[in-house]
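Q: I have a model open on my screen and would like to learn how to read it. Could you take me through it feature by feature?

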Amino acid sequence: MTDVVHNKPYLLTPGPLTTSLSVKQAMLEDHGSWDKDFNQMTAWVCQQLLSIAHAGTDYSCVPMQGSGTFAVEAALGSLIGQQSTSLVLANGAYGQRICQILDYLKRPYLLIDTGDYLPVSAEQLSECLASNPEIEQVIVVHCETSSGILNPVPMVAALCQEFNKALIIDSMSGFGALDCNSQKLKYRALIASANKCLHGVPGFGFVIVQNTWLAKCAGNSHSLSLDLHAQWQYMEKTGQWRFTPPTHVLAACSQALREYQTLGGQAARLEWYQQNQRLLVNGLEDLGLQTLLPRHWQSPMITTFFAPQHPNWDFTTFYQLIKAQGYIIYPGKLTQVASFRVGSMGELTQQAMLGAVRAIKQALSQMEINPATCPQMAREPLWNQYAV
Ligand SMILES: Cc1ncc(COP(=O)(O)O)c(C=O)c1O
């Protein structure tokens with residue numbers, strides 16, 4: 001892990017994340033978008049992303065300018081035929097955003113919505129696939145960043161193979177840390193972005209997609225600029241992006257990928273996040289705060305905590321008091337109860353995590369809230385209904 005001394009405020013958020021000084025410095029050089037060196041950098045970055053996915057020559061990595069949502073919209077609009085029915089597995093804001101995109105695109109879909117934070121079960125999914133043969137592809141969010149839940153993607157992938165359905169994974173906040181092995185999960189497409197577990201900066205997303213499928217997708221897209229097939233074709237022919245590329249963002253990503261390899265790749269990054277999250281959760285549980293999710297559903301990337309049930313609770317005050325100490329957290333996204341989210345991804349050392357715990361403790365004390373004496377949320381009965 002690189003030196004992050006210069007990095008305050010630390011972003012303990014779902015992204016953008018704290019980046020290393022050297023990733024920021026990689027953006028000090030300007031690049032011509034037609035330049036051979038820049039095109040080689042694009043090719044190298046795409047090759048690295050494919051190798052993180054254990055993808056062979058049967059897959060391509062197609063980058064797309066914009067934030068993660070642009071890449072999701074480009075993938076769904078380009079890879080799904082206009083009459084083709086999808087099944088969306090939603091349990092939070094990003095699953096719902098997939099439905100919103102499909103609504104905009106007027107693509108038919110079925111939805112299994114398990115609410116704010118419960119995972120889909122194998123029974124629910126297989127029953128739905130068995131009774132709706134028109135479904136051609138299943139779309140799932142890997143880590144649902146709005147709660148931090150790690151969705152059961154290996155189970156979903158196995159059922160897709162059993163029922164012969166294509167699988168599309170939104171692994172925006174998982175790729176780089178979670179196992180996204182294309183040989184095991186056999187997805188048709190996986191979507192992610194530069195600025196989450198890879199520790200680059202925001203500005204482009206990418207789709208890792210099976211060539212045989214992509215080759216059939218000419219003319220599907222509703223949009224000129226979000227046409228993934230056209231971007232792929234143009235890059236194959238010229239080595240260039242179709243429209244102005246995010247040159248500095250790509251340079252930052254290239255540096256971030258070098259640092260990722262030096263750290264030890266996916267397994268090392270996952271372990272790093274797990275250690276950081278353990279420090280965070282242990283520290284905040286010691287204060288009397290409660291996590292939303294049981295450990296076996298919890299991703300190591302982002303953790304939702306219930307807000308203390310106390311009359312002095314006010315997220316904005318809490319946020320400002322923590323920010324004044326150099327740490328930025330996020331509000332919760334649960335629809336039923338007040339919560340807040342703390343991320344453990346990005347270039348965060350263990351010292352930074354312990355510093356965040358201290359900052360949260362101090363903020364609560366300034367607000368005269370002692371979570372240990374507040375009523376606790378009754379969550380176990382709900383969790384226990386679900387076998388893992
Ligand atoms: C799982 C997931 N999908 C999609 C997105 C959308 O990405 P963006 O906010 O960069 O458009 C996010 C963003 O956090 C995400 O976590």
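A: Happy to. Let's begin with a definition: a helix axis is a line fitted to C-alpha atoms over the stretch in contact, and angles run from 0 to 180 degrees between N-to-C directions. Keep in mind that this is a predicted model.

Q: How do I use such axes, and at what angle do the axes of helix 10 and helix 11 cross?
A: Two packed helices are described by the angle between their axes and by the distance between those axes. Here, helix 10 (residues 247-263) and helix 11 (residues 265-287) have axes that come within 7 Å and cross at roughly 85°. Helix 10 is therefore roughly perpendicular to helix 11, since angles of 65 to 115 degrees count as such.

Q: Which residues of helix 10 and helix 11 meet?
A: From helix 10, look for Tyr 260, Gln 261 and Leu 263; they meet Gly 265, Ala 268 and Arg 269 of helix 11. Sorted by class, this contact has 3 nonpolar, 2 polar and 1 charged residues.

Q: Let's turn to sheets. What is the strand order in the open sheet of 7 strands?
A: Strands of a sheet pair through backbone hydrogen bonds, either parallel or antiparallel. In this sheet the order is 2-10-9-8-5-3-4, and the pairing is mixed. Strand 2 (59-65) and strand 4 (109-113) stand at the edges with a single partner strand each, so one side of each has no neighbour in the sheet. On average, neighbouring strands of this sheet are turned by 20° against each other, direction ignored.

Q: How many bridges join strand 9 to strand 10?
A: There are 5 bridges between strand 9 (residues 189-193) and strand 10 (residues 204-210), and the two strands run antiparallel. To find the register, place Leu 190 opposite Ile 208 in strand 10.

Q: Which strands does helix 2 touch where it packs on the sheet?
A: Helix 2 (residues 36-52) touches strand 2 and strand 10, and its direction makes about 125° with that of strand 2. Helix 9 (residues 228-238) also packs on the sheet, touching strand 2 and strand 10, with a direction about 110° from that of strand 2.

Q: And what is the order in the open sheet of 3 strands?
A: That one reads 11-14-13, with antiparallel pairing. Strand 11 (302-306) and strand 13 (330-331) are its edges; each has a single partner strand, so one side of each is left without a neighbour in the sheet. Strand 13 pairs with strand 14 (residues 339-343) over 2 bridges, and Tyr 330 stands opposite Arg 341 in strand 14.

Q: Now the ligand. How many residues surround the ligand, and which are the closest?
A: The shell has 13 residues, the closest being Ser 67, Gly 68, Thr 69, Thr 145 and Met 172. Helix 3 (residues 68-79) gives the largest share of the shell, 3 residues. By class, the shell holds 5 nonpolar, 7 polar and 1 charged.

Q: Where should I look for unusual backbone geometry?
A: Try two loops. Gly 15 and Pro 16 are joined by a cis peptide bond, with omega about 0°; Pro 16 lies in the loop between strand 1 (10-11) and helix 1 (21-25). Lys 186 has a positive phi of about 50° although it is not a glycine, and this residue lies in the loop between helix 7 (182-185) and strand 9.

Technical notes: Residues numbered from 1 in each chain as written. Predicted model: local features only at pLDDT ≥ 70, side-chain atom pairs only at ≥ 80, totals over all residues. Near = placed C-beta within 6 Å. Helix = DSSP H or I, 4+ residues; strand = E, 2+ residues; numbered from the N terminus. Nonpolar A, V, L, I, M, F, W, Y, C, P; charged D, E, K, R; others polar. Parallel < 35°, antiparallel > 145°, perpendicular 65-115°, else oblique. Contact = placed C-beta atoms within 7 Å. Pairing = 2+ DSSP bridges.
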